Amino acid sequence: MCYNAPCSSILGIEKIMSFSMKLRKVLYNLFFWAILAYSMWLILFKLATDFTTIKIIWAGPIAGMAALLFAALKIHDVLFVKNENIKLKEMETSLKKGFFNIQKKEFFLTLLSSAVLFPFIYKFVNLQVAICFLVGTITIFVSSFFSSLVSMNSNINVLFAAENSAASYHKAAVNGAFSTFLIPAGFSLILFPVLYFIFKDPAIIMGYTFGACLEAFLITCSGEIFAKASNLIFSEKNEAKEAVILANGISSKNMALDFIVTIIAILMGTIINGVLVLNLIGAFIPMTLVAIGVFCAILASIFTKLKGVMNSKLPLFIGFIASVILYSAISYYLIEKVFMPGYGLFYPVMTGVILALFLAGLGYFNLRNKKDELEGFTKEETTARSFVAVSLPLLIAGFMALAAFINAGGMESYTAGFWGLGLAAISMLSVSYIFGALYAALNISKNALIISEADEHKEKIEEFYPAASMYGGKTKTMFSIASIYACFVVFAGFVMTINLEEVDCLNPFVLFALIFGAGVPVLCAGLINGSFIKAAKAIFKKETNDGLEIVKKLSNKGFIGSILPLASVLILPLFSYFGITKLFEKALGMQTLTGTLLGAIVAGGLVAILFGFKDSLSDTKFDFASKECSSPVSNLAIKLIILSLLLTFILFMPTV
C-alpha cells in the first residue's frame with residue numbers, strides 16, 4: 001500500500017490514462033459502427049435502387065473501406081496489449097527482424113515478376129492490360145505485407161490476453177484473425193471495381209486478375225516452403241521457435257491471399273458471363289453480393305465473441321449462422337425486390353449458402369463427436385482417412401453446382417448457367433469469412449501454445465484450439481471447391497466469348513491434353529514439397545539453433561524454390577496449344593487447349609481438397625511433420641494456369 005504523495009500521484013495518473021484509453025476505444029467503436037450503418041444504407045437504399053447506372057459499382061469500394069476500417073479498429077485492440085514480459089519482448093524483437101527479412105524476398109519477387117511480364121504484356125497486348133497487371137501485383141504485395149504484419153504481432157500479444165481469462169484470449173485471437181483476412185479483401189474490393197469502372201471491359205480487367213494470381217502464387221510458394229520447413233525442423237528438434245511462429249503467421253496470410261484471389265477470379269468470370277446474359281445487371285449483381293458478404297461478416301463477428309459462453313466452439317458456429325441469415329436476407333431483398341424480381345435468381349445464391357452450411361455443420365459434428373478419434377493415428381492412417389472423408393463434400397459440391405447451373409437457366413443457356421454457378425461460389429465464400437478468420441485464429445493459437453511456458457495459459461488456449469482446428473479444416477475445403485467453381489466459370493466465359501461450340505473428347509490429342517493438363521498442378525505441388533524438404537534438410541546439416549539464421553536461410557530457400565513451379569505453371573501448358581497448332585491446325589490447337597484446362601482444373605482441385613483435409617487432420621493432432629504444401633499451392637496453380645493460357649491465347653491467336 002502506498003500513502004506518500006508522489007506514489008498517489010502516479011496512481012492517479014495511471015487511472016486517468018486507463019480511463020482515457022477506454023474512452024478512446026468507445027469513441028473509435030461508435031465512429032466505426034456509425035460509418036458501417038451509413039454505408040449499408042447507402043448501398044441498399046440509395047445505390048441499389050439506381051442499378052441501371054454504373055453507380056452501384058461503388059458498393060465494392062465502400063465495402064472495401066469498411067473492411068479496412070474494421071481491421072484497423074481490431075488491430076488497435078490486438079497490438080496495444082500491455083507487454084511486461086522481458087523474455088517475450090526479446091522474442092518480439094527477433095520476430096520483427098525475421099519478418100522484414102522475409103518481406104525483402106517477397107518484394108524482390110514482386111519486382112522480378114513485374115519487370116519481366118509488364119513490358120511483355122505492354123508490347124504484345126496493350127498498355128491498359130499491362131497497367132491492370134501491375135496494379136494486381138502491387139495490391140497483393142501490399143495486402144500480404146500488412147496481413148503478415150498483423151498476424152505476426154497478434155501471435156505474441158494474444159498470449160498476454162490469456163493471462164486475464166479465456167474470454168479475453170478468445171476475443172483477442174478472433175480480432176487478430178479477422179484483421180488478417182479483411183486486409184486483402186479491403187484492398188481488392190476497392191481496386192477491382194475501380195478498374196472496371198475505368199475500363200468497362202472484362203478482357204482488360206483480366207490483367208488485374210492475372211497479376212494478382214501470379215503474385216499470390218509466388219508469395220504462397222515461397223511462404224509455404226518456409227512455413228512447412230520451419231514446422232518440420234521444430235517437430236524434429238524443438239528449436240527455431242522464431243521460425244515456426246513466423247511460419248504459422250505466413251500460413252494464415254497465404255490462406256487469406258488464396259481467399260481473395262479466388263473471389264477476384266470468380267468475379268471476373270461471373271462478370272464475363274453476366275454481361276453476355278444481362279448486360280450491366282449481370283456485372284453488378286456479383287460485385288454487390290461480395291460487398292454484402294463483407295458487411296455480414298463484420299456484423300456477425302459480434303456473435304463470435306459472446307460473453308458468458310464457456311464452450312468456445314458454440315460462439316463461432318453462432319457467428320457463422322448469423323452471417324448466413326444476414327446474407328440470405330439482404331441478398332433476397334436485392335435480387336428479388338430490386339434487381340430482377342420474379343426471375344428466380346435467388347436460388348443459385350442459396351445453393352452456395354446451403355453448401356457452406358453443410359460443410360460448416362459437418363465441421364461442427366466432427367468437432368462434437370470425434371474429437372478423440374485421431375489419437376494414435378499414424379501418418380499413413382491420416383492420409384487414408386483424408387481420402388475417405390472428402391468424398392461426401394465432393395459429391396454434395398457436384399450436386400450443388402448442377403443445381404445452381406439449372407436454377408440460373410443453364411438448360412436453356414449455358415452462359416446463364418455458369419453465371420449462376422459464379423453466384424453460388426460468391427455466396428459460399430461470402431458467408432465463409434468467419435471460417436477463413438478461424439484458420440488464422442488456429443495459427444495464432446498454435447503459436448501461443450508454442451510460446452507459452454505456463455500450464456495455466458496452455459489450458460485456456462487448448463480450449464479454443466480444437467474448434468479453430470476443425471473449422472479451419474473445413475475452410476480449406478470451401479476454398480478448394482470455390483477455386484474449382486471459379487476456374488469453370490472463367491473457362492466458360494472464355495469459351496462463350498470465342499464461340500467454341502464443342503470438344504471432341506475421343507480425339508487422341510484432346511485425351512493427351514487432359515492427361516498433360518492434369519499433370520501440371522500435380523508437378524507444381526511436388527516441386528514445392530520437394531523444395532521444403534530440401535530446405536529443412538539443409539538446416540539439419542548446419543546444426544544451427546539460431547532463430548534468425550534459420551529464418552534467413554529458409555527464406556532464401558523459399559525464394560529460390562518458388563521460381564521453378566511458377567515456370568512450370570506458365571510454360572508447360574502452352575505446349576498443348578502451340579505444339580499442336582504449329583504441327584497440325586489452329587482448330588485442333590483450340591481443342592487441346594480446352595482439354596489441358598479441364599485436366600488442370602479437375603486434378604488440381606482434387607489435390608487441393610484431399611491434401612487440405614489431410615492438413616486439417618494434422619492440425620487437430622498438433623502434428624507438424626505430417627503437413628505439406630499441396631493444398632494452397634494447387635488452389636492458386638489451377639487459377640494461374642487458366643488465366644495465363646487465356647491471356648496467351650489473346651496474345652497470339654490472331655497471328656497463329
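Is Asp258 buried or exposed in this predicted model? Asp258 counts as buried, because its relative accessibility is 0%. The close-up views below start with this residue and its partner.

**View 1. Asp258 and Lys639 meet through their side chains in a salt bridge.** Look for the nitrogen and oxygen atoms, which sit 3.2 Å apart. This pair links distant parts of the chain: Asp258 belongs to helix H7, while Lys639 belongs to helix H20 (residues 630–652), and their positions lie 381 residues apart in sequence. Lys639 is buried too, with a relative accessible area of 1%. Asp258, as noted above, has a relative accessibility of 0%.

**View 2. Glu106 forms a salt bridge with Lys253.** Here the closest N and O atoms are 2.9 Å apart. Glu106 lies in helix H3 (residues 86–124) and Lys253 in helix H7 (residues 241–278), so this contact ties together parts that are 147 residues apart in sequence. What is the relative accessibility of Glu106? The value is 1%, so Glu106 counts as buried. Lys253 is buried as well, with a relative accessible area of 1%.

**View 3. Lys228 and Glu224 are joined by a salt bridge within helix H6.** In this view the N to O distance is 2.4 Å. Why are Lys228 and Glu224 separated by about one helical turn? The two residues are 4 apart in helix H6 (residues 202–237), and that spacing is why about one turn separates them. Both partners can be placed by their accessibility: Lys228, at 4%, counts as buried, and Glu224, at 2%, also counts as buried.

A short reminder may help with the three views above. Side chains of opposite charge can pair when their charged atoms come close. How many salt bridges does the count come to? With a side-chain nitrogen of Lys or Arg required to be within 4 Å of a carboxyl oxygen of Asp or Glu, the count comes to 3 salt bridges.

**View 4. A patch of positive charge gathers on the surface.** Now turn to some lysines of another kind of site. Which residues make up this patch? They are Lys537, Lys541, Lys542 and Lys557. Helix H16 (residues 508–542) supplies the largest share of the patch, with 3 residues. Lys537 is a handy place to begin when you trace the patch in the model, and this residue lies in helix H16.

Notes:
Residues are numbered from 1 along each chain as its sequence is written. This is a predicted model: local features need pLDDT of at least 70, side-chain atom pairs count only at pLDDT 80 or more; totals for chains, interfaces and linings use all residues. Side-chain values use heavy atoms; hydrogens and water are left out. Patches are made of residues with over 30% relative accessible area and no salt bridge: like charges are joined within 9 Å, nonpolar side chains (Val, Leu, Ile, Met, Phe, Trp, Tyr) within 5 Å. Accessible areas come from the Shrake-Rupley method with a 1.4 Å probe; for residues, only the protein chains shown count as cover. Lys and Arg count as positive and Asp and Glu as negative; His and the chain ends are not counted. The place of a charge is taken as NZ of Lys, CZ of Arg, CG of Asp or CD of Glu. Buried means under 20% relative accessible area, exposed over 50%, partly exposed in between (1.4 Å probe, protein chains only).
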